[in-house]
Amino acid sequence: MAIDSSSPTAVTSPVPAPPGPDRLSGRARLVLLVLCAAQFMVSLDFSVLNVALPVLGDDLGLSRSGLQWAITAFALPSGGFLLLFGRIADLYGRRRLFLSGLVVFGAASLLATLAWNPAVFLTGRALQGLGAAAIVPTGMSLLTTTFPEGPLRDRALGISGTLLSLGFTVGMVAGGTLTDTLGWRSTMGLLTVAAVLVLAAAPALLTESRTPHRPRLDVPGAMTVTGGLLALIYALSTAAEHGFGRVDVQAALAAGVVLLAAFGVVESRASAPLVSLPMLRRRTVAFGNLGGLLTFAVMSTLVFVLTLYLQEILGLSAFGTGLVFGVQGLASVVAGVYAPKVIGRVGARRTLAASLLGQGLFIAALLGLGTDSGVWLATVAVSLASMCHLGAIIAYGLTVTSGVPDAEQGLATGLVTTVQQVGLTIGIPLLGVVATAQSSLFDGVRTVVAVAAGLLVVAAGVVAAGLRRP
């Protein structure tokens, strides 16, 4: 197990090395299973509740405008605290924070399952987000410190990325099925059971790791970046429902920009910064995260607008729509198998640029959708785009974390997962404004498709140029 043990203060109990450079040992497979199961569980939470919202609102008496908070209450802490928790894990123990996050997530899921009024439910969702903010960066940093750079890490991140993408798709299908058969509470109950199962296996398999020394936590940096991210995510999440004209949205956007600018100033002067500015100046970190931000922002938006297109324009049922995205999920699984092999041959940087380009071109094919037909085109194009999306996810994770010492892996993976969450959050409100500005839903869908495809094609060129070796 590739865990930092360069100092007596680093708490480690390494897993035995794998039997060969390209093979996972039995114990390593179990460690990977636990870490991927946790990531899958959090990914599932992003989408499993979406189709249940109308039923949930009727049952709890949550107003239509209040339904957005079922999503926002989770997104705020899960995105806002990622960087902070990633750094805390580096300093005080990744395993410890990972297990704590599982406890909080499981208990919060149970609270949301049993919720008897909107306030209790939203409290549960917020605590779920807080638990997720601890699970995601620590799980990723445990993975990257467990599996050394090379084929083993490529394969591990390939499996993790596949399940991350698959979890979002499975959540959409499972959410509708569970809501129709067992009620909306079963969606939260599923997450409770998942957290308990992962928590039962994790303590015996995971070993502790942290940096070999404990510098003082950068409190001003933590306050400004967390406050800035919270303000930004709140503004964008609220704008998705009400637009950017509201005073609270504009105030939150301004506060987010000011706080993040202040964060940059604080970090440039801190003796032990929360985010190392030299790390942000690494081309792999800067351009890798740019690619990750756009691939997540575009894909989340594409799923959203295609759901509207299939159901409201073509009249497809919820079950039929779920099947379309089920094919997309299977395509992601296939991509997860082959992407590490492609990366092993051509490298993560080239794979990232090529994946962004392919994703953009397949999305552009959706401009051929019509008002009376398009199910097959949508199924094929979104599935192929998802395969490229999965390749981009794996490649950008490898690109950003490659060459980063174990002592800073929590920070690097915190950046990766923060970019992921911000991408998932900003895509729909930003491109949704483009859609709603059109005269009809169909025109809005076509406009979003065109803008999304253009962004990815341009991003592919920028990332390729930025990551070109000197």
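## Exercises on a predicted helical model

At 0% relative accessibility, A133 counts as buried, and the exercises below, which concern a predicted model, begin from that residue.

### Exercise 1: the surroundings of A133

Task: Find the helix in which A133 has its place, and state which residues A133 touches beyond four places away in sequence.

Solution. Start with the burial of A133: its relative accessibility is 0%, and the residue is classed as buried because the limit for that class is under 20%. Next, locate A133 in the secondary structure, where its place is in helix α6. Then list its contacts, leaving out residues up to four places away in sequence: A133 touches P77, S78, F81, L82 and F85. Finally, compare separation along the chain with separation in space, since A133 and L76 are 57 residues apart in sequence while their C-alpha atoms are separated by 9.8 Å.

### Exercise 2: the protein as a whole

Task: Describe the secondary structure of the protein, the share of its residues that count as buried, and the area that it exposes.

Solution. Begin with the secondary structure, which comes to 17 helices and 0 strands. Turn then to burial, where 56% of the 470 residues count as buried. For the surface, the protein exposes about 18200 Å², of which carbon and sulfur atoms supply 68%. As a last step, consider the contacts with a separation of 6 or more, of which 82% are accounted for by residues 24 or more positions apart.

### Exercise 3: two helices checked for length

Task: Test whether the end-to-end distances of α10 and α5 agree or disagree with the span expected at 1.5 Å a residue.

Solution. Helix α10 covers residues 247-269, which is 23 residues, so its expected span is 33 Å, and the distance between its end C-alpha atoms is also 33 Å, in agreement. Helix α5, with 21 residues (94-114), reaches 30 Å from its first C-alpha to its last, close to the expected 30 Å. To add burial to the picture, note that V249, A252, G256, F263 and E267 are buried in α10, whereas the buried residues of α5 include R94, F98, G101, F105 and A112.

### Exercise 4: the aromatic pairs

Task: Determine how many aromatic pairs a search of the whole structure finds, and classify each by its geometry.

Solution. The search finds 2 aromatic pairs. In one of them, the ring centres of F121 and W184 are 5.5 Å apart and the planes stand at 90 degrees; because an angle over 60 degrees counts as edge-to-face, that is the class of this pair. The pair links distant parts of the chain, with F121 in helix α6 and W184 in the loop between α7 and α8, 63 residues apart. Both F121 and W184 are buried.

F296 and Y396 also form an edge-to-face pair, with 6.2 Å from centre to centre and 75 degrees between the planes. Here too distant parts of the chain are linked, F296 lying in α12 and Y396 in α15, 100 residues apart. The relative accessible area is 5% for F296, which counts as buried, and 1% for Y396, which is likewise buried.

### Exercise 5: the nonpolar cores

Task: Identify which residues touch the most other members of the largest nonpolar core, and follow the contacts of F121.

Solution. The largest nonpolar core holds 99 residues, and F98, F121, L302 and I363 touch the most other members. Its largest share, 12 residues, comes from α15. For F121, the contacts beyond four places away in sequence include L49, L56, A70, A112, W184 and M188. Apart from this core lies another of 8 residues, among them L76, I233, Y234 and A252.

### Exercise 6: side chains that reach the backbone

Task: Find which backbone oxygen is reached by the side chain of T187 and which by that of Y309.

Solution. T187 has its place in helix α8 and is buried, with a relative accessible area of 0%. Its side chain reaches the backbone oxygen of W184 at 2.6 Å. Y309 is found in helix α12 and is buried, also with a relative accessible area of 0%. The side chain of Y309 reaches the backbone oxygen of G370 at 2.6 Å, and among the other residues that Y309 touches are L369, S373 and F442. To finish, Y309 and L441 are 132 residues apart along the chain, yet their C-alpha atoms are separated by 7.7 Å.

Note on methods. Residues numbered from 1 in each chain as written. Predicted model: local features only at pLDDT ≥ 70, side-chain atom pairs only at ≥ 80, totals over all residues. Heavy atoms only, no water. Helix = DSSP H or I, 4+ residues; strand = E, 2+ residues; numbered from the N terminus. Expected span 1.5 Å × (residues − 1). Buried < 20%, exposed > 50% of the residue type's maximum accessible area, 1.4 Å probe, protein only. Phe/Tyr/Trp six-rings, centres within 6.5 Å; stacked < 30°, edge-to-face > 60°. Core = buried A, V, L, I, M, F, W, Y, C linked by side-chain atoms within 4.5 Å. Contact = heavy atoms within 4.5 Å. Polar contact = N/O pair within 3.5 Å; in protein donor to acceptor, adjacent residues only side chain to side chain. Areas by Shrake-Rupley, 256 points an atom, 1.4 Å probe, with all protein chains shown as cover.
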